[in-house]
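Biologist: I should like to learn how the features of a structure are read. May we go through one together?

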Amino acid sequence: MKYKFSATIHKEDDWYVSWCPELDVASQGKTVEEALENLREAVELYLEDEDVSIPQETTFLTTTFEVSYDKASHPVST
């Protein structure tokens, strides 16, 4: 049986970190493709546990947004 899950990937230093929010499983790789493939393998291993509960069709949507922040207008108090 095939299941479809979401993946988010972000860069941390020299690594790409991948995360499946439905299962809270994460992995990493040196490239986006490697991070996604490693996440796929991690999820497959996670699903091998006989006590695991697979969520119903939940899809997380990821987007970007911008905010303005002027550090000078928010001085740090000491």
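**Reading the model step by step**

Modeller: Certainly. One point comes before the rest: this is a predicted model. In it, the charged end of K30 lies over the ring of W15, at 4.3 Å from the ring's centre.

Biologist: How many aromatic pairs does the count give?

Modeller: Two rings pair if their centres lie within 6.5 Å. The count here is one aromatic pair.

Biologist: In what order do the elements of the protein chain run from the N terminus?

Modeller: The order is β-β-β-α, which amounts to three strands and one helix. The radius of gyration of the protein chain is 17 Å, well over the 12 Å that the globule rule gives for 78 residues, so the chain is more spread out than a compact globule. Along the principal axes, its C-alpha atoms fill a box of roughly 55 × 30 × 25 Å.

Biologist: What share of the residues in the protein chain is buried?

Modeller: Buried means under 20% relative accessible area. Of the 78 residues, 15% are buried.

Biologist: How is empty space found, and how much of it lies in the largest pocket?

Modeller: A probe the size of a water molecule, rolled over the atoms, shows where empty space is left. The largest pocket holds about 350 Å³ of space. It is lined by 14 residues, and Y3, F5, R40, V43 and E44 are the closest to its centre.

Biologist: Which element gives the most to that lining, and what classes of residue does the lining have?

Modeller: Helix α1, residues 32-47, gives the most, with six residues. By class, the lining has nine nonpolar residues, four charged and one polar.

Notes:
Residues are numbered from 1 along each chain as its sequence is written. This is a predicted model: local features need pLDDT of at least 70, side-chain atom pairs count only at pLDDT 80 or more; totals for chains, interfaces and linings use all residues. Side-chain values use heavy atoms; hydrogens and water are left out. On a 1 Å grid over the protein atoms alone, a cavity is a set of points where a 1.4 Å probe fits but cannot get out, and a pocket is an open set with protein on both sides within 12 Å along at least five of seven lines; lining residues have an atom within 4 Å of a point. Grid points are joined across faces, edges and corners, and a volume is the space filled by probe spheres set on the points. Helices (H or I, at least four residues) and strands (E, at least two) are DSSP runs, numbered from the N terminus. Ala, Val, Leu, Ile, Met, Phe, Trp, Tyr, Cys and Pro count as nonpolar, Asp, Glu, Lys and Arg as charged, and the others, Gly among them, as polar. Rings of Phe, Tyr and Trp (its six-membered ring) pair if their centres lie within 6.5 Å; planes under 30 degrees apart count as stacked, over 60 as edge-to-face and the rest as tilted. A charge sits over a ring if NZ of Lys or CZ of Arg is within 6 Å of the ring centre and within 35 degrees of the ring normal. The radius of gyration is taken over C-alpha atoms; the globule rule is 2.2 Å times the number of residues to the power 0.38. Buried means under 20% relative accessible area, exposed over 50%, partly exposed in between (1.4 Å probe, protein chains only).
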